[in-house]
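Me: Got a structure I'd like to go through with you. Can we start with how the helices pack, then look at the cysteines?

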Amino acid sequence: MNEREQAVLALIRKNPFMSQQEMADKMNLSRPVLANLVSSLTKQGKIVGRAYILPEENEIICIGGANLDRKFHVRGTVQLGTSNPASSSFSVGGVGRNIAENLGRLNHEVTLLTTAGKDADWQVIQEASESFMNLRYVEQLPDASTGSYTAIMDEQGELALAVANMEVYDLLLPSLLKKYEPMLMNAGCFIMDLNCPKETVAYIQQVAIARAIPFVIVPVSSPKMNRLPDTLQGVTWFICNTDEAETIVGHKIENDANYEKAIQKLLQLGAEHVIITAGSKGVYAASATSTPSHFAAKEITKIEDVTGAGDAFVSAVIHSWLRGQSFEVCIDAGLTNAKNTLASPYTVRPELSEELLKSEMEE
């Protein structure tokens with residue numbers, strides 16, 4: 001491609017619905033010259049479809065939250081109802097975004113679909129994320145605030161309290177996603193967190209079933225489990241923590257037998273692979289064709305920060321599965337990435353790469 005063709009593609013990536021006259025005006029070209037460039041790109045297979053949709057087949061589409069995370073590390077014992085001395089920091093987060101960054105660092109092509117405000121918080125998220133994922137389908141809403149998550153950690157790095165402003169994700173509706181239906185139809189995999197409204201989860205589930213696209217559901221908290229579809233038909237991977245699993249089964253999960261029954265119930269709902277994470281105990285997992293098994297957590301000498309460890313686990317499991325690895329290797333990859341994220345002060349560790357993860361799994 002020459003420089004003009006590359007410039008046309010850049011404009012289309014930014015706005016696939018831009019008219020040829022608008023593109024010609026932006027590039028100071030005549031309409032015929034612009035039309036010739038579009039024709040050339042079409043012949044090269046760089047442009048497909050009436051809206052100049054680019055052939056981004058087999059991308060991972062992450063749908064869910066992209067937050068600005070603020071963390072406060074309390075000095076001494078956390079005391080409720082009063083002021084606690086603390087140090088603070090902020091970072092970008094959100095389950096959908098965190099998984100997208102992990103997968104981007106693991107050499108996957110990833111698109112993030114989310115809603116955000118037109119505010120300074122989104123600018124921070126965009127600058128930190130755009131190197132690892134496609135953000136051009138993010139819907140910025142002028143009257144909304146970008147999602148935010150504030151965590152208060154104790155001296156051991158464990159979560160003491162958290163508050164979240166996620167109202168913007170209630171606007172992540174099917175009507176918004178349908179604007180990008182051609183792109184969705186060509187996805188290689190959907191990963192969706194339950195920040196999304198229930199009708200949006202159901203819409204993606206229908207697309208996944210109709211197009212035989214792998215579909216991963218990752219809950220974000222027990223209160224949002226009511227956004228889960230009535231069945232898990234078409235769900236390739238369902239990965240939740242123990243609290244979230246308890247919400248589904250309706251009772252406490254306290255021993256191996258409880259975990260096995262919970263997994264069997266989730267499989268009966270239609271999921272192909274199920275994992276329930278249990279913190280320091282490791283994970284319990286099974287596929288539709290296997291019996292539930294326990295996988296111990298990796299040993300770690302010091303936890304720096306628990307934020308992002310669950311997202312790291314999910315990302316490495318899906319990364320290994322997309323690379324064709326066995327079920328057991330997928331679980332091992334997830335536990336390895338979670339362990340090294342727990343030892344990192346970052347929500348997504350910046351040194352992560354496909355080669356590093358492979359090396360860590362061989363240690």
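**Helix packing and cysteines**

Reply: Start with a helix contact. From H4, Val95, Asn98, Ile99, Asn102 and Leu103 touch Asp311, Ala312, Val314, Ser315 and His319 of H11. Keep in mind that this is a predicted model.

Me: What kinds of residues make up the contact of H4 with H11?

Reply: The contact holds 5 nonpolar, 4 polar and 1 charged.

Me: Where do H4 and H11 sit in the chain, and at what angle do they pack?

Reply: H4 covers residues 95–105 and H11 covers residues 309–322. They pack at an angle of about 50°, and their axes are 9 Å apart. That angle makes H4 oblique to H11.

Me: Is the crossing left-handed or right-handed?

Reply: Right-handed, as H4 passes H11.

Me: OK, new topic. How many disulfides does the structure hold?

Reply: The count is 0.

Me: Why no bond for Cys240?

Reply: Because the closest cysteine sulfur, in Cys196, is 17 Å from the sulfur of Cys240. That is too far for a bond. A disulfide needs the two sulfur atoms within 2.5 Å.

Me: And which cysteine has the sulfur closest to that of Cys330?

Reply: Cys189, at 12 Å. Again, that is too far for a bond.

Me: Is Cys240 buried or exposed?

Reply: Cys240 is buried, with a relative accessible area of 3%.

Me: What about Cys330, buried or exposed?

Reply: Cys330 is buried too. Its relative accessible area is 1%, and buried means under 20%.

Methods:
Residues numbered from 1 in each chain as written. Predicted model: local features only at pLDDT ≥ 70, side-chain atom pairs only at ≥ 80, totals over all residues. Heavy atoms only, no water. Buried < 20%, exposed > 50% of the residue type's maximum accessible area, 1.4 Å probe, protein only. Axes fitted to C-alpha atoms, helices over the stretch in contact; angles between N-to-C directions. Helix = DSSP H or I, 4+ residues; strand = E, 2+ residues; numbered from the N terminus. Parallel < 35°, antiparallel > 145°, perpendicular 65-115°, else oblique. Left-handed = near helix turned anticlockwise from the far one by under 90°. Contact = heavy atoms within 4.5 Å. Nonpolar A, V, L, I, M, F, W, Y, C, P; charged D, E, K, R; others polar.
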